[in-house]
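Q: Could you take me through the inside of this protein, in particular the closed-off spaces and what lines them? I'd also like a word on the aromatic rings while you're there.

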Amino acid sequence: MAPSLLGGFTKSLAMTVLSEIGDKTFFAAAILAMRHPRKLVLAGCLTALIVMTALSACLGWSAPNLISRKWTHHVTTLLFFGFGIWSLWEGFKEDGDSEELAEVEAELDAAFKSNKGESKNKSEANDDMKKQQRPFLMQFFSPIFIKAFSITFFGEWGDKSQIATIGLAADENPFGVVIGGIIAQALCTTAAVLGGKSLATQISEKMVELSSGVLFLLFGIMSLLSGPEGEL
């Protein structure tokens, strides 16, 4: 029996919400929204996350075509258990302080001050030349959109949630995984952009890590009890 759309949707939705809440890209979106127009920040972050989710699901979907579904199922099960243990370990190590938020804020502050200093040194006479020398993408998209997109995309690349999405799409219905992932990303990113730093500081990274660890272990047990074709 083929994996169900609903199964992929619900697992992807739950996994993505717990993976993204309190994640580095979540904090980055919240801080960027405090300094730039929210619409542009939201558009850039969401576009990056949608592209990343679709790419990850495509990689996961293609995996059973390269190796047998039995092996992809076993690898996915190991990934769930591995991420579960990893998340629980990270959760137990957390001391309650929002270290990730402070780290992201420091990085963005340094970049913001650097860009501000460079812009002050440029005269208005160079504006036309600057426009002509803009990178290709900057001629069609706002620099703020490009900034939000690039920070989010490269921040997610190789992240735990991306690898888990690949594994989930290899074992579940990839369309369900994409739909659930995109909805979850939209909810989390919108909350970050609208809530800003005030919301980010209220999030307990410890509880998020512990909750995601339990969820990953639950998915691992469900995957272990089910066969490669998704039957219990």
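A: Here is a walk through the cavities, followed by the aromatic rings.

Keep in mind that this is a predicted model. Searching the whole structure turns up two cavities of 30 Å³ or more. The largest has a volume of about 80 Å³, and the second largest holds about 50 Å³ of space.

Let's start with the largest one. Its lining is made up of Met15, Thr16, Glu20, Leu49, Met52, Thr53, Ser56, Glu156, Ser161, Gln162, Thr165 and Gln185. Helix 3 (38-66) is the top contributor to that lining, with four residues. Helix 1 (5-20) and helix 8 (160-171) are also among the helices that supply at least two residues each. Sort the lining of the largest cavity by class and you get seven polar, three nonpolar and two charged residues.

Now for the second largest cavity. Around it sit Glu20, Thr25, Phe26, Ala29, Leu49, Gln185, Cys188 and Thr189. Glu20, Leu49 and Gln185 line the largest cavity and the second largest one too. Helix 2 (24-35) and helix 9 (174-200) each put at least two residues into the lining of the second largest cavity. By class, that lining has four nonpolar, three polar and one charged residues.

On to the rings. The whole structure has nine aromatic pairs. Take Phe149 and Phe153: their ring centres are 5.7 Å apart and their planes are at 5°, so this pair counts as stacked. Both belong to helix 7 (residues 143-156), where being four residues apart separates them by about one helical turn. Phe149 is partly exposed, at 24% relative accessible area, while Phe153 is buried, at 14%. Phe153 also pairs with Phe154; here the centres are 5.5 Å apart and the planes are at 85°, so the arrangement is edge-to-face. Phe154 itself is exposed, with a relative accessible area of 62%. So if you follow the rings from Phe149 through Phe153 to Phe154, you go from partly exposed to buried to exposed.

There is a ring cluster to look at as well. Phe80, Phe83, Trp86, Phe216 and Phe219 are linked into it by ring pairs. One of these rings has a charge for company: the charged end of Lys11 sits over the ring of Phe219, 5.7 Å from its centre.

Key: Residues are numbered from 1 along each chain as its sequence is written. This is a predicted model: local features need pLDDT of at least 70, side-chain atom pairs count only at pLDDT 80 or more; totals for chains, interfaces and linings use all residues. Side-chain values use heavy atoms; hydrogens and water are left out. Rings of Phe, Tyr and Trp (its six-membered ring) pair if their centres lie within 6.5 Å; planes under 30 degrees apart count as stacked, over 60 as edge-to-face and the rest as tilted. Buried means under 20% relative accessible area, exposed over 50%, partly exposed in between (1.4 Å probe, protein chains only). A charge sits over a ring if NZ of Lys or CZ of Arg is within 6 Å of the ring centre and within 35 degrees of the ring normal. On a 1 Å grid over the protein atoms alone, a cavity is a set of points where a 1.4 Å probe fits but cannot get out, and a pocket is an open set with protein on both sides within 12 Å along at least five of seven lines; lining residues have an atom within 4 Å of a point. Grid points are joined across faces, edges and corners, and a volume is the space filled by probe spheres set on the points. Ala, Val, Leu, Ile, Met, Phe, Trp, Tyr, Cys and Pro count as nonpolar, Asp, Glu, Lys and Arg as charged, and the others, Gly among them, as polar.
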